[in-house]
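Here are some notes to go with the model, written for someone opening it afresh. Have it on screen while you read, and take the points in order.

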Amino acid sequence: MEKKKLYWRICCFAAIFLCIITYTPLIIPQGVSKPMLGGIPYSLWTSFIITVLLVVLTFIGTRVHPGLQNEEEDL
């Protein structure tokens, strides 16, 4: 039970961190469209990566959500 709460908090903090860095110059450099990877700008590649990470965090979050155990006990 305590492990799930810890994993849930880690997922929440990671999701908030990813959302914050999405709009920083680290991800979206001002006035720069290069480097390009396969003809796709760097900022678009990083957006793909962040999106995949958020989807993975959402999946993990559904498995470790603290309310999930309460629903199982009600059944």
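**Notes on the model**

1. Let's start with the cysteines. A search of the whole structure turns up zero disulfides. One thing to keep in mind throughout is that this is a predicted model.

2. Why is there no bond at Cys11? The closest cysteine sulfur to that of Cys11 belongs to Cys12 and is 6.9 Å away, which is too far for a bond. For comparison, the cut-off for a disulfide is a pair of cysteine sulfur atoms within 2.5 Å. Cys12 is likewise in no disulfide, its nearest cysteine sulfur being that of Cys11. As for their surroundings, Cys11 is buried, with a relative accessible area of 8%, while Cys12 counts as partly exposed at 28%.

3. Now step back to the whole chain. You should find three helices and two strands, and reading along the sequence gives the pattern α-β-β-α-α. Of the 75 residues, 13% count as buried. The accessible surface comes to about 6000 Å², and carbon and sulfur atoms hold 70% of that area.

4. How much of the contact network links residues well separated in sequence? Take the contacts with a separation of 6 or more: 60% of them are between residues 24 or more positions apart. The next two points give examples of contacts beyond the sequence neighbours.

5. Have a look at Lys4, which sits in helix 1 (residues 2-22). Lys4 counts as partly exposed, at 30% relative accessibility. Setting aside neighbours within four places in sequence, Lys4 is in contact with Arg63 and Val64. Also, the C-alpha atoms of Lys4 and Gly61 are 9.4 Å apart, although 57 residues separate the two along the chain.

6. Thr22 is another residue of helix 1. Is Thr22 buried or exposed? At 17% relative accessibility, Thr22 counts as buried, because the limit for that label is under 20%. Leaving out residues up to four places away in sequence, Thr22 touches Ile27, Ile28 and Ile50.

7. Next, the aromatic rings. The count comes to one aromatic pair. That pair is Trp45 and Phe48, arranged edge-to-face, with 5.7 Å from centre to centre and 85 degrees between the planes. The edge-to-face label follows because the angle is over 60 degrees. Both residues belong to helix 2 (residues 42-64), and since they are three residues apart there, about one helical turn separates Trp45 from Phe48. Trp45 is partly exposed at 32% relative accessibility, and Phe48 is also partly exposed, with a relative accessible area of 39%.

8. Trp45 and Phe48 come up again at the surface. Together with Leu37, Leu44, Ile49 and Leu53, they make a nonpolar surface patch of about 540 Å². Which element gives the largest share of the patch? Helix 2 does, with five residues. Leu44 is found in helix 2 and counts as partly exposed, at 38% relative accessibility.

9. If you have time for a second look, I'd go back to helix 2. The edge-to-face pair of Trp45 and Phe48 lies in that helix, and both residues also take part in the nonpolar patch. After that, revisit Cys11 and Cys12, whose sulfur atoms are 6.9 Å apart.

Notes: Residues numbered from 1 in each chain as written. Predicted model: local features only at pLDDT ≥ 70, side-chain atom pairs only at ≥ 80, totals over all residues. Heavy atoms only, no water. Phe/Tyr/Trp six-rings, centres within 6.5 Å; stacked < 30°, edge-to-face > 60°. Helix = DSSP H or I, 4+ residues; strand = E, 2+ residues; numbered from the N terminus. Buried < 20%, exposed > 50% of the residue type's maximum accessible area, 1.4 Å probe, protein only. Contact = heavy atoms within 4.5 Å. Patch = residues over 30% accessible without salt bridge, like charges linked within 9 Å, V, L, I, M, F, W, Y side chains within 5 Å. Areas by Shrake-Rupley, 256 points an atom, 1.4 Å probe, with all protein chains shown as cover. Salt bridge = Lys/Arg side-chain N within 4 Å of Asp/Glu carboxyl O.
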